[in-house]
Amino acid sequence: MPPKARIVGTGHYLPPLVRTNADLAKMVDTSDDWIQERTGIRERRIAPPEICTSDMAAAAAESALKMAGLTAKDLDMIIVGTVTGDMPMPATAVFVQQKLGAVNIPSFDISAACAGFIYGLSIADNFIRAGAMKHILVIGVELLSRVIDWEDRGTCVLFGDGAGAVIVGPADSTPVERPRGILSTKIMSDGSLARSLMIPGGGSVTPASKEVIDEKLHKVKMKGQDIFKAAVKNLYSASRDAVEEAGMRPDDVDWICPHQANLRIINQAVERLGVPKEKVLVNIDKVGNTSSASIPILLDQSLRAGTIKEGQTVLMCALGAGISWGSALIRV
Ligand code: UT7
(Lines give C-alpha, C1' and ligand atoms only; values in the text may rest on other atoms or scores of the structure.)
Protein backbone atom coordinates (compact mmCIF):
# COMPACT_ATOMS: atom_id res chain seq x y z
CA MET A 1 0.00 0.00 0.00
CA PRO A 2 1.53 3.41 -0.91
CA PRO A 3 2.05 5.81 2.00
CA LYS A 4 -0.72 8.34 2.56
CA ALA A 5 1.00 10.34 5.31
CA ARG A 6 4.46 11.87 5.64
CA ILE A 7 6.44 13.64 8.37
CA VAL A 8 6.64 17.20 7.01
CA GLY A 9 8.32 18.91 9.98
CA THR A 10 10.26 18.00 13.13
CA GLY A 11 11.41 19.87 16.22
CA HIS A 12 12.76 19.31 19.70
CA TYR A 13 13.42 21.06 22.97
CA LEU A 14 15.99 20.17 25.62
CA PRO A 15 16.20 22.16 28.86
CA PRO A 16 19.57 23.90 29.33
CA LEU A 17 20.64 22.39 32.68
CA VAL A 18 23.08 19.47 32.25
CA ARG A 19 23.40 16.85 35.04
CA THR A 20 26.50 14.70 34.54
CA ASN A 21 27.32 11.24 35.90
CA ALA A 22 29.83 12.96 38.19
CA ASP A 23 26.99 15.11 39.60
CA LEU A 24 24.98 11.94 40.33
CA ALA A 25 27.97 10.26 42.00
CA LYS A 26 27.75 13.04 44.62
CA MET A 27 24.07 12.22 45.24
CA VAL A 28 23.95 8.37 45.29
CA ASP A 29 26.38 5.44 45.49
CA THR A 30 27.27 5.25 41.80
CA SER A 31 30.12 6.12 39.44
CA ASP A 32 30.67 7.53 35.96
CA ASP A 33 32.27 4.20 34.96
CA TRP A 34 29.27 2.11 36.09
CA ILE A 35 26.71 4.32 34.38
CA GLN A 36 28.63 4.54 31.11
CA GLU A 37 29.45 0.83 31.00
CA ARG A 38 25.94 -0.40 31.91
CA THR A 39 23.88 2.22 29.99
CA GLY A 40 26.00 4.39 27.66
CA ILE A 41 24.77 7.56 29.40
CA ARG A 42 27.22 10.38 30.25
CA GLU A 43 24.82 13.23 30.98
CA ARG A 44 21.14 14.19 30.85
CA ARG A 45 19.09 17.42 30.82
CA ILE A 46 16.97 18.57 33.77
CA ALA A 47 14.13 21.11 33.48
CA PRO A 48 14.26 24.08 35.90
CA PRO A 49 11.30 24.44 38.33
CA GLU A 50 9.59 27.18 36.29
CA ILE A 51 9.25 24.93 33.22
CA CYS A 52 6.42 22.39 32.95
CA THR A 53 5.76 19.55 30.48
CA SER A 54 3.50 21.53 28.13
CA ASP A 55 6.11 24.34 27.93
CA MET A 56 8.67 21.91 26.55
CA ALA A 57 6.07 20.31 24.26
CA ALA A 58 4.98 23.68 22.85
CA ALA A 59 8.61 24.70 22.20
CA ALA A 60 9.26 21.48 20.24
CA ALA A 61 5.96 21.92 18.37
CA GLU A 62 6.75 25.53 17.36
CA SER A 63 10.01 24.33 15.86
CA ALA A 64 8.28 21.49 13.94
CA LEU A 65 5.58 23.86 12.63
CA LYS A 66 8.28 26.25 11.41
CA MET A 67 10.09 23.49 9.53
CA ALA A 68 6.79 22.39 7.96
CA GLY A 69 5.99 25.98 6.92
CA LEU A 70 2.69 25.79 8.82
CA THR A 71 1.02 27.59 11.72
CA ALA A 72 -1.06 26.22 14.60
CA LYS A 73 -4.21 27.21 12.65
CA ASP A 74 -3.33 24.52 10.05
CA LEU A 75 -3.47 21.70 12.63
CA ASP A 76 -6.40 19.25 12.67
CA MET A 77 -5.37 17.34 15.82
CA ILE A 78 -2.78 17.29 18.62
CA ILE A 79 -1.57 14.01 20.13
CA VAL A 80 0.79 14.10 23.11
CA GLY A 81 2.59 10.96 24.28
CA THR A 82 3.52 11.49 27.93
CA VAL A 83 3.41 9.84 31.36
CA THR A 84 4.62 13.00 33.12
CA GLY A 85 1.94 15.49 32.10
CA ASP A 86 1.23 18.89 33.62
CA MET A 87 -1.58 17.43 35.81
CA PRO A 88 -3.52 14.15 36.15
CA MET A 89 -6.43 16.00 34.52
CA PRO A 90 -6.93 17.53 31.97
CA ALA A 91 -4.72 16.26 29.17
CA THR A 92 -1.38 17.99 28.64
CA ALA A 93 -2.37 18.24 24.95
CA VAL A 94 -4.99 20.91 25.75
CA PHE A 95 -2.35 23.08 27.45
CA VAL A 96 -0.17 22.64 24.37
CA GLN A 97 -3.15 23.57 22.18
CA GLN A 98 -3.72 26.73 24.21
CA LYS A 99 -0.02 27.69 24.19
CA LEU A 100 0.20 27.23 20.41
CA GLY A 101 -3.06 29.08 19.76
CA ALA A 102 -4.79 26.18 17.99
CA VAL A 103 -8.58 26.24 18.41
CA ASN A 104 -11.45 23.76 18.14
CA ILE A 105 -9.46 20.66 17.28
CA PRO A 106 -9.22 17.35 19.16
CA SER A 107 -6.24 17.25 21.54
CA PHE A 108 -5.48 14.28 23.75
CA ASP A 109 -2.71 12.40 25.57
CA ILE A 110 -1.53 8.85 25.09
CA SER A 111 -0.22 6.89 28.07
CA ALA A 112 2.13 4.42 26.41
CA ALA A 113 5.31 5.55 28.22
CA CYS A 114 8.42 5.22 26.04
CA ALA A 115 6.28 3.96 23.13
CA GLY A 116 3.96 7.01 23.34
CA PHE A 117 5.45 8.76 20.30
CA ILE A 118 5.22 5.65 18.10
CA TYR A 119 1.60 5.12 19.25
CA GLY A 120 0.83 8.75 18.34
CA LEU A 121 2.51 8.44 14.95
CA SER A 122 0.53 5.29 14.19
CA ILE A 123 -2.77 6.97 15.13
CA ALA A 124 -1.91 10.06 13.05
CA ASP A 125 -1.00 7.89 10.05
CA ASN A 126 -4.33 6.08 10.27
CA PHE A 127 -6.41 9.29 10.57
CA ILE A 128 -4.69 10.74 7.49
CA ARG A 129 -4.87 7.39 5.64
CA ALA A 130 -8.64 7.40 6.27
CA GLY A 131 -8.88 10.86 4.71
CA ALA A 132 -10.28 12.33 7.93
CA MET A 133 -7.49 14.85 8.58
CA LYS A 134 -4.64 16.68 6.87
CA HIS A 135 -2.12 17.89 9.47
CA ILE A 136 -1.59 16.28 12.87
CA LEU A 137 0.91 17.35 15.52
CA VAL A 138 2.45 14.37 17.35
CA ILE A 139 4.59 15.10 20.42
CA GLY A 140 6.63 12.93 22.77
CA VAL A 141 7.45 14.83 25.97
CA GLU A 142 8.60 13.87 29.46
CA LEU A 143 9.59 15.69 32.60
CA LEU A 144 10.85 12.60 34.35
CA SER A 145 13.09 14.45 36.81
CA ARG A 146 9.91 15.35 38.77
CA VAL A 147 8.86 11.67 39.26
CA ILE A 148 12.29 10.13 39.85
CA ASP A 149 13.41 9.04 43.31
CA TRP A 150 16.75 10.84 43.44
CA GLU A 151 17.88 8.44 46.19
CA ASP A 152 17.31 5.31 44.04
CA ARG A 153 20.51 4.66 42.10
CA GLY A 154 18.73 1.95 40.06
CA THR A 155 16.58 4.56 38.29
CA CYS A 156 17.88 8.08 38.90
CA VAL A 157 20.93 7.63 36.68
CA LEU A 158 18.83 6.68 33.65
CA PHE A 159 16.29 9.38 32.91
CA GLY A 160 16.28 12.92 31.52
CA ASP A 161 13.83 15.64 30.44
CA GLY A 162 12.96 16.79 26.92
CA ALA A 163 10.43 17.03 24.11
CA GLY A 164 10.27 16.08 20.45
CA ALA A 165 7.55 16.83 17.91
CA VAL A 166 6.59 16.01 14.34
CA ILE A 167 3.94 17.31 11.98
CA VAL A 168 2.31 14.51 10.01
CA GLY A 169 0.80 15.69 6.72
CA PRO A 170 -0.33 14.19 3.42
CA ALA A 171 2.19 12.17 1.36
CA ASP A 172 3.01 13.29 -2.21
CA SER A 173 0.19 12.12 -4.49
CA THR A 174 2.29 11.60 -7.65
CA PRO A 175 3.16 7.89 -7.92
CA VAL A 176 6.94 7.24 -7.78
CA GLU A 177 9.01 4.07 -7.32
CA ARG A 178 10.26 4.95 -3.83
CA PRO A 179 7.52 7.16 -2.30
CA ARG A 180 8.29 9.27 0.77
CA GLY A 181 6.07 8.81 3.81
CA ILE A 182 5.10 6.52 6.67
CA LEU A 183 5.54 3.03 5.15
CA SER A 184 4.32 0.94 8.11
CA THR A 185 3.66 1.12 11.86
CA LYS A 186 3.21 -1.54 14.56
CA ILE A 187 1.94 -1.03 18.12
CA MET A 188 1.56 -3.64 20.87
CA SER A 189 1.22 -4.13 24.68
CA ASP A 190 1.63 -6.95 27.22
CA GLY A 191 -0.11 -6.12 30.51
CA SER A 192 1.34 -9.17 32.25
CA LEU A 193 4.49 -7.06 32.81
CA ALA A 194 2.55 -3.96 33.93
CA ARG A 195 4.14 -3.92 37.38
CA SER A 196 7.72 -4.10 36.08
CA LEU A 197 7.79 -0.32 35.54
CA MET A 198 5.26 1.92 37.27
CA ILE A 199 4.40 4.86 39.47
CA PRO A 200 2.18 2.94 41.91
CA GLY A 201 0.70 5.82 43.95
CA GLY A 202 -1.62 8.69 43.12
CA GLY A 203 -4.21 6.76 41.07
CA SER A 204 -7.42 4.92 41.99
CA VAL A 205 -5.57 1.92 43.49
CA THR A 206 -3.58 4.02 45.96
CA PRO A 207 -4.86 7.61 45.90
CA ALA A 208 -2.59 10.47 46.92
CA SER A 209 -2.04 10.60 50.69
CA LYS A 210 0.66 11.38 53.20
CA GLU A 211 1.58 7.65 53.22
CA VAL A 212 1.99 7.67 49.44
CA ILE A 213 4.46 10.52 49.78
CA ASP A 214 6.26 9.03 52.81
CA GLU A 215 6.67 5.66 51.04
CA LYS A 216 7.62 7.38 47.76
CA LEU A 217 4.85 5.59 45.88
CA HIS A 218 4.52 8.66 43.65
CA LYS A 219 7.98 7.94 42.24
CA VAL A 220 9.14 5.58 39.45
CA LYS A 221 9.70 1.92 40.46
CA MET A 222 11.40 -0.38 37.98
CA LYS A 223 12.48 -4.02 37.71
CA GLY A 224 15.26 -3.17 35.28
CA GLN A 225 16.20 -6.65 34.14
CA ASP A 226 12.58 -7.65 33.30
CA ILE A 227 12.27 -4.59 31.07
CA PHE A 228 15.71 -5.16 29.57
CA LYS A 229 14.90 -8.72 28.41
CA ALA A 230 11.43 -7.77 27.09
CA ALA A 231 12.93 -4.80 25.24
CA VAL A 232 15.54 -6.77 23.31
CA LYS A 233 12.99 -9.42 22.27
CA ASN A 234 10.10 -7.12 21.33
CA LEU A 235 12.12 -4.33 19.71
CA TYR A 236 13.62 -6.98 17.46
CA SER A 237 10.26 -8.54 16.49
CA ALA A 238 8.39 -5.23 16.03
CA SER A 239 11.23 -3.85 13.89
CA ARG A 240 11.36 -6.98 11.75
CA ASP A 241 7.56 -6.93 11.27
CA ALA A 242 7.45 -3.23 10.25
CA VAL A 243 10.21 -3.76 7.69
CA GLU A 244 8.67 -6.97 6.29
CA GLU A 245 5.27 -5.30 5.94
CA ALA A 246 6.92 -2.69 3.71
CA GLY A 247 8.40 -5.49 1.56
CA MET A 248 11.96 -4.82 2.77
CA ARG A 249 14.66 -6.62 4.78
CA PRO A 250 16.15 -5.06 7.96
CA ASP A 251 19.49 -4.48 6.24
CA ASP A 252 17.76 -2.49 3.45
CA VAL A 253 16.98 0.24 5.98
CA ASP A 254 19.31 3.27 5.86
CA TRP A 255 18.99 4.26 9.54
CA ILE A 256 17.65 2.87 12.78
CA CYS A 257 16.41 5.55 15.19
CA PRO A 258 15.73 3.50 18.35
CA HIS A 259 14.37 4.56 21.72
CA GLN A 260 17.36 5.57 23.85
CA ALA A 261 16.89 3.53 27.05
CA ASN A 262 20.18 1.66 27.28
CA LEU A 263 22.98 1.30 24.72
CA ARG A 264 23.22 -2.42 25.52
CA ILE A 265 19.50 -2.92 24.67
CA ILE A 266 20.00 -1.05 21.39
CA ASN A 267 23.11 -3.07 20.48
CA GLN A 268 21.54 -6.44 21.28
CA ALA A 269 18.28 -5.73 19.38
CA VAL A 270 20.18 -4.40 16.35
CA GLU A 271 22.53 -7.39 16.37
CA ARG A 272 19.51 -9.75 16.24
CA LEU A 273 18.17 -7.76 13.29
CA GLY A 274 21.50 -8.20 11.50
CA VAL A 275 21.91 -4.48 10.89
CA PRO A 276 25.44 -2.97 11.17
CA LYS A 277 26.03 -0.61 14.09
CA GLU A 278 27.02 2.19 11.68
CA LYS A 279 23.34 2.51 10.73
CA VAL A 280 22.19 3.13 14.30
CA LEU A 281 21.53 6.70 15.49
CA VAL A 282 22.48 7.32 19.14
CA ASN A 283 22.31 10.33 21.49
CA ILE A 284 21.81 8.52 24.82
CA ASP A 285 25.25 9.71 25.98
CA LYS A 286 23.99 13.32 25.91
CA VAL A 287 20.31 13.05 26.93
CA GLY A 288 19.77 9.76 28.77
CA ASN A 289 16.37 8.10 28.58
CA THR A 290 13.72 10.73 27.81
CA SER A 291 10.98 8.09 27.37
CA SER A 292 8.39 9.14 24.74
CA ALA A 293 10.54 12.14 23.72
CA SER A 294 13.60 10.10 22.85
CA ILE A 295 12.80 9.12 19.23
CA PRO A 296 11.46 12.50 18.00
CA ILE A 297 14.41 14.32 19.62
CA LEU A 298 16.92 12.02 17.90
CA LEU A 299 15.02 12.16 14.60
CA ASP A 300 15.00 15.96 14.60
CA GLN A 301 18.68 16.20 15.56
CA SER A 302 19.65 13.72 12.82
CA LEU A 303 17.58 15.49 10.13
CA ARG A 304 18.86 18.95 11.03
CA ALA A 305 22.48 17.69 11.14
CA GLY A 306 22.02 16.26 7.63
CA THR A 307 22.83 12.73 8.86
CA ILE A 308 19.46 11.48 7.56
CA LYS A 309 19.07 12.58 3.93
CA GLU A 310 15.99 12.99 1.77
CA GLY A 311 14.85 9.69 0.27
CA GLN A 312 16.44 7.56 3.03
CA THR A 313 14.50 5.08 5.13
CA VAL A 314 14.41 5.31 8.93
CA LEU A 315 13.23 2.53 11.24
CA MET A 316 12.03 3.73 14.65
CA CYS A 317 11.29 1.36 17.56
CA ALA A 318 10.51 1.82 21.26
CA LEU A 319 9.46 -0.16 24.33
CA GLY A 320 8.60 0.95 27.83
CA ALA A 321 6.15 0.72 30.74
CA GLY A 322 2.97 -1.23 30.06
CA ILE A 323 4.82 -2.93 28.72
CA SER A 324 3.97 -1.19 25.46
CA TRP A 325 6.08 -1.13 22.35
CA GLY A 326 5.97 -0.27 18.68
CA SER A 327 7.85 0.46 15.48
CA ALA A 328 7.48 2.69 12.45
CA LEU A 329 9.26 2.68 9.10
CA ILE A 330 9.41 5.96 7.19
CA ARG A 331 11.06 7.31 4.05
CA VAL A 332 11.94 10.99 4.60
O1 UT7 B 1 12.71 3.23 28.75
C2 UT7 B 1 12.30 1.93 28.91
C3 UT7 B 1 12.34 1.48 30.29
N4 UT7 B 1 13.57 1.24 30.90
C5 UT7 B 1 14.54 0.42 30.42
O6 UT7 B 1 14.54 0.01 29.29
C7 UT7 B 1 15.63 0.03 31.37
C8 UT7 B 1 15.95 -1.43 31.22
N9 UT7 B 1 16.93 -1.90 32.18
C10 UT7 B 1 18.21 -1.49 32.19
O11 UT7 B 1 18.62 -0.67 31.39
C12 UT7 B 1 19.17 -2.13 33.20
O13 UT7 B 1 18.51 -3.22 33.81
C14 UT7 B 1 19.67 -1.14 34.27
C15 UT7 B 1 20.62 -0.13 33.63
C16 UT7 B 1 18.52 -0.43 34.94
C17 UT7 B 1 20.47 -1.88 35.33
O18 UT7 B 1 21.55 -2.57 34.74
P19 UT7 B 1 21.78 -4.12 35.06
O20 UT7 B 1 22.98 -4.52 34.34
O21 UT7 B 1 20.49 -4.84 34.77
O22 UT7 B 1 22.10 -4.07 36.59
P23 UT7 B 1 21.39 -4.86 37.79
O24 UT7 B 1 20.06 -4.27 38.08
O25 UT7 B 1 21.48 -6.33 37.52
O26 UT7 B 1 22.36 -4.54 38.98
C27 UT7 B 1 23.71 -5.03 39.01
C28 UT7 B 1 24.42 -4.42 40.21
C29 UT7 B 1 23.61 -4.52 41.49
O30 UT7 B 1 24.51 -4.72 42.55
P31 UT7 B 1 24.75 -6.18 43.19
O32 UT7 B 1 23.40 -6.65 43.67
O33 UT7 B 1 25.29 -7.01 42.07
O34 UT7 B 1 25.73 -5.92 44.27
C35 UT7 B 1 22.98 -3.16 41.64
O36 UT7 B 1 22.68 -2.84 42.96
O37 UT7 B 1 24.59 -3.02 39.97
C38 UT7 B 1 24.07 -2.29 41.08
N39 UT7 B 1 23.60 -1.01 40.59
C40 UT7 B 1 24.40 0.08 40.52
N41 UT7 B 1 25.70 0.25 40.84
C42 UT7 B 1 26.21 1.48 40.63
C43 UT7 B 1 22.37 -0.68 40.14
N44 UT7 B 1 22.35 0.61 39.78
C45 UT7 B 1 23.60 1.09 40.01
C46 UT7 B 1 24.18 2.36 39.83
N47 UT7 B 1 25.50 2.49 40.15
N48 UT7 B 1 23.52 3.41 39.34
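The protein chain of this predicted model contains 11 helices and 13 strands. Its C-alpha trace extends over about 60 × 45 × 35 Å along the principal axes. For 332 residues, a compact globule would be expected to have a radius of gyration near 20 Å, and the value for the protein chain, 19 Å, agrees with this. Of the 332 residues, 54% count as buried. Contacts were also sorted by separation in sequence: of those between residues at least 6 apart, 76% join residues at least 24 apart.

The surface and the charges were examined next. The protein chain exposes about 14400 Å², and 53% of this area is supplied by carbon and sulfur atoms. There are 36 positive and 37 negative side chains, and the centres of these two sets lie 2 Å apart.

Two helices were examined individually. Helix 3 comprises 16 residues, from 53 to 68, and its first and last C-alpha atoms are 23 Å apart, close to the 22 Å expected at 1.5 Å a residue. Its buried residues are Thr53, Ser54, Met56, Ala57, Ala58, Ala60, Ala61, Ala64 and Leu65. In an α-helix there are 3.6 residues a turn, so residues three or four places apart point the same way. The buried residues of helix 3 pack against two strands that lie later in the sequence, strand 6 (136–143) and strand 7 (161–170). They also pack against strand 1 (5–13) and helix 4 (92–100). Just after helix 3 comes Gly69, which has a positive phi of about 70°.

Helix 5 covers residues 116–129, a run of 14 residues. From its first C-alpha to its last it reaches 20 Å, close to the expected 20 Å. Of the 14 residues, 10 are buried, so helix 5 is largely enclosed by the rest of the structure. The buried set consists of Gly116, Phe117, Ile118, Tyr119, Gly120, Leu121, Ser122, Ala124, Asp125 and Ile128. Helix 5, too, is followed by a glycine with a positive phi: Gly131, with a value near 80°.

Backbone geometry was then considered outside the helices. Most residues other than glycine have a negative phi, and most peptide bonds are trans. Asn104 has a positive phi near 50° and is not a glycine. This residue lies in the loop between helix 4 and strand 5 (107–110). With a relative accessible area of 78%, Asn104 is exposed, because the cut-off for that class is over 50%. Ser291 likewise is not a glycine, yet its phi is positive, at about 55°. The loop that holds Ser291 runs between helix 10 (284–287) and helix 11 (294–304). Ser291 has a relative accessible area of 4% and is therefore buried, the limit being under 20%.

Cis peptide bonds were found at the following two positions. One joins Met89 and Pro90, with an omega of about 0°. Pro90 is placed in the loop between strand 4 (77–81) and helix 4. The other leads from Gly322 to Ile323, and its omega is near -15°. Ile323 belongs to the loop between strand 12 (313–320) and strand 13 (324–331).

Note on methods
Residues are numbered from 1 along each chain as its sequence is written. Side-chain values use heavy atoms; hydrogens and water are left out. Helices (H or I, at least four residues) and strands (E, at least two) are DSSP runs, numbered from the N terminus. The expected span of a helix is 1.5 Å times one less than its number of residues. Buried means under 20% relative accessible area, exposed over 50%, partly exposed in between (1.4 Å probe, protein chains only). Contact means heavy atoms within 4.5 Å. The radius of gyration is taken over C-alpha atoms; the globule rule is 2.2 Å times the number of residues to the power 0.38. Accessible areas come from the Shrake-Rupley method with a 1.4 Å probe; for residues, only the protein chains shown count as cover. Lys and Arg count as positive and Asp and Glu as negative; His and the chain ends are not counted. The place of a charge is taken as NZ of Lys, CZ of Arg, CG of Asp or CD of Glu.
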